[in-house]
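Student: I am new to this structure and would be grateful for a close look at a single part of it. Please take the part that you consider suitable and explain it in one connected account.

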Amino acid sequence: MSTPPNPPPPADADKQPNQPPTPSPPAGSAYRVIQPEPKKRNELQFINRKDEENIAQFQKQRSAERRVEGGSGILGGGASMDDARRRAEAGLKTAKFTKIASMNSARAAERMAEDEKIQKHKDEQRIKAEKLQRKQEEEAKRIREQTRDHWAHRPLPTTSLPTLTAAAAAAPPHDTPRTWPRISSAADRTLL
């Protein structure tokens, strides 16, 4: 005799009985609910409980009554109400002037700092200008020395007596403005 085959297990048999079935997203919805992990959820709840206990304990300590230590006597320095009011009134009257004085002193300090900064900048620029002037003077001195050395070793040009007399004859009198004579020949040009 043969035994009948076992019927297939139901579709819900592989799920654990203590977990609720996960809801399927509605048709046409773009969102899906993801169930939290139970272990992580328990850890977060534990941390949250500890934080709440710590906050409650802190608030209890803050609001607890504390003992005030000090000698017995009248608090407030022993001044009468009228004296305290007069002092407060005088303080209010002078507060405006002290505020103005402190603002003025702060502005003066700012101005002094700015003046010092400007003076420092001027000093730097003066030093730069002096350096530049010294450099230019040294360069001019060097050029003068080179030019002097050049002209010292160069022979003087020689001119003939007829050329000098011709130039003197062509020169205008002393009371007229001086103009240079035209040089017509190439030989006269080389002599100058």
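**Charged side chains in one helix**

Tutor: Glutamate 139 has a relative accessible area of 36% and is therefore partly exposed, where buried means under 20%, exposed over 50% and partly exposed in between, with a 1.4 Å probe and protein chains only. The model is predicted, so that local features need a pLDDT of at least 70 and side-chain atom pairs count only at pLDDT 80 or more, while totals for chains, interfaces and linings use all residues. Residues are numbered from 1 along each chain as its sequence is written, and side-chain values use heavy atoms, with hydrogens and water left out.

The side chain of glutamate 139 meets that of arginine 142 in a salt bridge, with an N to O distance of 2.3 Å. A salt bridge here is a side-chain nitrogen of Lys or Arg within 4 Å of a carboxyl oxygen of Asp or Glu. Arginine 142 is also partly exposed, at 37% relative accessibility. The two residues are separated by about one helical turn because glutamate 139 and arginine 142 are three residues apart in helix H2. Elsewhere, salt bridges that share partners join Asp123, Arg126 and Glu130 into one network.

Within that network, the side chains of arginine 126 and aspartate 123 meet at 3.6 Å, N to O. Arginine 126 and aspartate 123 also lie in helix H2, three residues apart, which is about one turn of the helix. Arginine 126 is partly exposed at 43% relative accessibility, and aspartate 123 is partly exposed at 28%.

Another pair in helix H2 is arginine 86 and aspartate 83, whose side chains form a salt bridge of 2.8 Å, N to O. Being three residues apart, arginine 86 and aspartate 83 are separated by about one helical turn. Arginine 86 counts as exposed, at 52% relative accessibility, whereas aspartate 83 is partly exposed at 29%. In total, the structure holds four salt bridges.

Helix H2 covers residues 81-153, and glutamate 114 lies in this helix. Glu110, Glu114, Asp115 and Glu116 form a negative surface patch. Patches are made of residues with over 30% relative accessible area and no salt bridge, with like charges joined within 9 Å and nonpolar side chains (Val, Leu, Ile, Met, Phe, Trp, Tyr) within 5 Å. For this purpose Lys and Arg count as positive and Asp and Glu as negative, while His and the chain ends are not counted; the place of a charge is taken as NZ of Lys, CZ of Arg, CG of Asp or CD of Glu. Glutamate 114 has a relative accessible area of 48% and is partly exposed.

The setting of this helix may now be described. The protein has four helices and zero strands, helices being DSSP runs (H or I) of at least four residues and strands runs (E) of at least two, numbered from the N terminus. Buried residues make up 0% of the 192 residues. The protein exposes about 19,700 Å², of which carbon and sulfur atoms supply 57%; such areas come from the Shrake-Rupley method with a 1.4 Å probe, and for residues only the protein chains shown count as cover.

Finally, the confidence of the model deserves attention. The protein averages a pLDDT of 76, and 59% of the residues score at least 70; pLDDT is the predictor's confidence in each residue, from 0 to 100. Confidence is highest in helix H1 (residues 38-63), at a mean of 92, and lowest in helix H4 (residues 186-191), at 56. Where pLDDT is low, the predicted coordinates should not be read in detail.
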